[in-house]
Structure formats: structure tokens, C-alpha cells
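Hello,

Here is the structure I promised to pass on to you. Please open it beside this email and follow along as you read.

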Amino acid sequence: SKVPSITLNNGVSMPQLGFGVWQVPDDEAEKAVGTALEAGYRSIDTAAIYENEAGTGRAIAASGIAREELFVTTKLWNSEQGHDSTLRAFDASLERLGLDYVDLYLIHWPVPEKDAYVDTYRAFEKILADGRAKAIGVSNFLPAHLERLIGETSVVPAVNQIELHPWFQQAESRAFHAEHGIATEAWSPLGQGKGLLEVPTVVEVARKHGRTPAQVVLRWHLQLGNVVIPKSVTPSRIEENIDVFDFELDDEDLAAFAALDEGRRLGPDPATFNVG
Ligand code: NAD
């Protein structure tokens, strides 16, 4: 494949770039994921709450690509947290995907008010031990949530998938993850198409390299060591977003990107997001 892999803390390989499908309706997901697989993506990021696991699964089945060449991630929704409800929700996700295992299963949000992520994660450890997930991890966990999880359970999460883009660079979380062997996966890596790709610095770095703004933002993530999962339903953009392995940003570019950090979240704050 054209996409390099990183090695997770349990030895499993994960492509450093994958395809995200948030907000893609189920009937369009099959087409979009199919386009991504044809373009060379081998990692797909879905979630129960996206309601497109079935379409994602249909695209995987139709692709004819060997299962072991794919890396499929899904996530447990907040309302299903708790030990037994997690086991049931996981079965339902596998059923919708039409798979007998996922490569990565994530707790979607910590939901601190519920205080159930430790019990939830114990169910994840069972799923891992049964081989029905090759790796387990979390999403939107703050360092304090990770500290508690690591203290009270036995498997250090392989991944924490968090909001991360040039406006919100997450230095503290990245340092915590590095210290504990947790891979950092960036959600909304392109800033959700909300103006980041029109920022003058980004446009200038793109022009300098003869690439697009999306491509230089993805390069910035890759050179930081992040896993990225850009989303698009437009075939030309799907192709553009994976065509980022034949050039490099230099120190000057990286310094210019560092200066874009505004601590600006586009999504909810995990400390207070208790929906579901
Ligand atoms: P993103 O940063 O990937 O941006 C996607 C948007 O950027 C597209 O809708 C389009 O408007 C634009 N875009 C994409 N490619 C482009 C290109 N080449 N040129 C110009 N514009 C382009 O945003 P996202 O979808 O929010 O995040 C990516 C994935 O991360 C999601 O699909 C999902 O899988 C995951 N995610 C996870 C969480 C979580 O809580 N764990 C939250 C949000 C997203």
C-alpha cells in the first residue's frame, strides 16, 4: 500500500492515514468507502452513532479486498456504556459491519457524569481477549481520564482519537500519549472544512510545495506522528487526501504551522460532553 503503518503498543499495525465517514448517510457510505478503497485507503473509521456501519460493511464486502489487508475501526456510543450493554452493542456493530472482528474498538467519549468508562473498558478487555477486536482504545479522553483508566485496568489503550488540527494542536495530550505508548489519532484533521484550508499560512505553504491546502495540512499531521482520518465524499478529494507520501514539509513550514495554534475547539469539550 502507499500508506505507511505505525505499530501500536500491542504490536498491531495501523495505517497512518485512513478514511473517516462521520456524517455520511448509510446509503452514500457504501459508495464513498468503495471510492476510498479503490483509491488505496485500507483503514476506515466509523462508529455506531454514525449509522453507517452497514453501508461501510457492504463496501468492504463488495471490494473483494482480503480482510487482513483492511483496518476497520468502530466506536461504542455513550448510551451503551456499562459492562453488559457494551458487549451487546459490540455484537450489534459486528453484525451491521458483517465482520467477525474489528481491528480497533474505541470508547467514543468518556462521559464523565456517567462514570462508567472503567466498567465499559473491562468489557473491551474481554472483547480483545476473545480476538474480536485486534486492538482497543478510547476517543476524546483527557489525560485525567487516561490516568484513571490506566490505573484501574490492565490494557493500556492502543489509541486515543481526539480532535486535533492546526487550530487545536493538543500539545499536552500528545505528550501524555507519547509517555504512555498511546497512538494519537486526529479527528477533524482538516478542521471540518470550516476555513482552515483558506488560512493564508496554509495556502502559502501549499503554493510553495505545489500541493493543495488539504495535502499540506495532512503532511503536517503525518510529520507530527499523528494518525489521520480525513473525510470527503468527493472522489477527487478522496484521491487528493491520500496523495501525500511523496513530499515533505521543512522546518520553516512546521514553524509556520506551529504558530497557527489558537486552542480552538470545533467540537464538544470531553470534560462536559455528557450526551447519550
Ligand atoms: P475533516 O477535518 O476530515 O474535514 C472534512 C471536510 O473537509 C469535508 O466535509 C469537506 O468539507 C472538507 N474537505 C475534505 N477534503 C478536502 C479537500 N481535499 N479539499 C478541500 N476540502 C476538503 O472532518 P471530520 O469529518 O469531522 O473528521 C474526519 C473523521 O474523524 C470523521 O469522518 C470521523 O471518522 C472522525 N471523527 C471522530 C470524532 C470523535 O468524536 N471520535 C469526531 C469527529 C470526527
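**Crossovers and the sheet**

Let's begin with one repeating motif: strand 5, helix 3 (residues 83-97) and strand 6 form a β-α-β unit that is right-handed. Please keep in mind throughout that this is a predicted model.

A second right-handed β-α-β unit is made by strand 4, helix 2 and strand 5. Strand 5 thus appears in both units, and its pairings are worth tracing on your screen. On one side, strand 4 (residues 43-45) pairs with strand 5 (residues 71-76) in the parallel sense, over three bridges. Look there for Ser43, whose bridge partner in strand 5 is Phe71. Strand 5 is also joined to strand 6 by four bridges, and these two strands run parallel. In that pairing, Thr74 has Tyr105 in strand 6 as its bridge partner. How many of the six residues of strand 5 are buried? Six of the six are, and the strand is mostly covered.

Now zoom out a little. These strands belong to an open sheet of eight strands in the order 3-4-5-6-7-8-9-10, with parallel pairing. Which strands stand at the edges? They are strand 3 (19-20) and strand 10 (227-228); each has a single partner strand, so one side of each is left without a neighbour in the sheet. As general background, the strands of a sheet pair through backbone hydrogen bonds, either parallel or antiparallel.

**Around strand 9**

Next, please move along to strand 9. Strand 8 and strand 9 pair in the parallel sense over five bridges. The chain gets from strand 8 to strand 9 through helix 6, and this β-α-β crossover is right-handed. Helix 6 (residues 171-180) lies across strand 8 (159-163) and strand 9 (183-187), and runs at about 150° to strand 9. Asn160 is the residue standing opposite Thr184 in strand 9.

Strand 9 runs parallel to strand 10 too, and two bridges join them. Here Ala186 stands opposite Val228 in strand 10.

Are the residues of strand 9 buried or exposed? Five of its five residues are buried, and the strand is mostly covered. Ala183, Glu185 and Trp187 point one way from the strand, while Thr184 and Ala186 point the other way; all of them are buried.

**Three loop residues to look at**

Ser188 sits in the loop between strand 9 and helix 7 (200-209). It has 23 C-beta neighbours inside 10 Å, so Ser188 counts as buried; the cut-off for that is 20 or more. Apart from neighbours within four places in sequence, Ser188 is in contact with Glu163, His165, Leu266 and Gly267. How far is Ser188 from Glu53? They are 135 residues apart in sequence and 19 Å apart in space, C-alpha to C-alpha.

Glu51 is in the loop between strand 4 and helix 2 (53-63). Its phi is near 55°, a positive value in a residue other than glycine. Glu51 has 14 C-beta neighbours inside 10 Å, so it counts as partly exposed.

Val111 lies in the loop between strand 6 (102-107) and helix 4 (117-129). Phi of Val111 is near 50°, which is also a positive value in a residue other than glycine. Is Val111 buried or exposed? With 22 C-beta neighbours inside 10 Å, Val111 counts as buried.

**The whole chain**

Finally, step back to see everything together. The chain has ten helices and ten strands. Its radius of gyration is 18 Å, close to the 19 Å that the globule rule gives for 276 residues, so the chain is as compact as a globular protein of that length. Along its principal axes, the C-alpha trace spans about 55 × 40 × 35 Å.

Of the 276 residues, 46% count as buried. Among contacts with a separation of 6 or more, 73% are between residues 24 or more positions apart.

As for annotation, an unreviewed UniProt entry places the feature "domain: NADP-dependent oxidoreductase" at residues 17-261. That span is 45% helix and 15% strand, and its end C-alpha atoms lie 22 Å apart.

Enjoy exploring, and write back with any questions.

Best wishes

How values were computed. Residues are numbered from 1 along each chain as its sequence is written. This is a predicted model: local features need pLDDT of at least 70, side-chain atom pairs count only at pLDDT 80 or more; totals for chains, interfaces and linings use all residues. UniProt positions are given in the numbering used here, feature names are shortened, and annotations may be inferred rather than shown by experiment. The radius of gyration is taken over C-alpha atoms; the globule rule is 2.2 Å times the number of residues to the power 0.38. A residue is buried if 20 or more other C-beta atoms lie within 10 Å of its own, exposed if 12 or fewer, and partly exposed in between; C-beta atoms are placed from the backbone. Two residues are in contact if their C-beta atoms, placed from the backbone, lie within 7 Å. Two strands pair if DSSP finds at least two bridges between them. Axes are lines fitted to C-alpha atoms, for helices over the stretch in contact, and angles run from 0 to 180 degrees between N-to-C directions. A crossover is right-handed if, with the strands pointing away from the viewer, the path from the first strand over the helix to the second runs clockwise.
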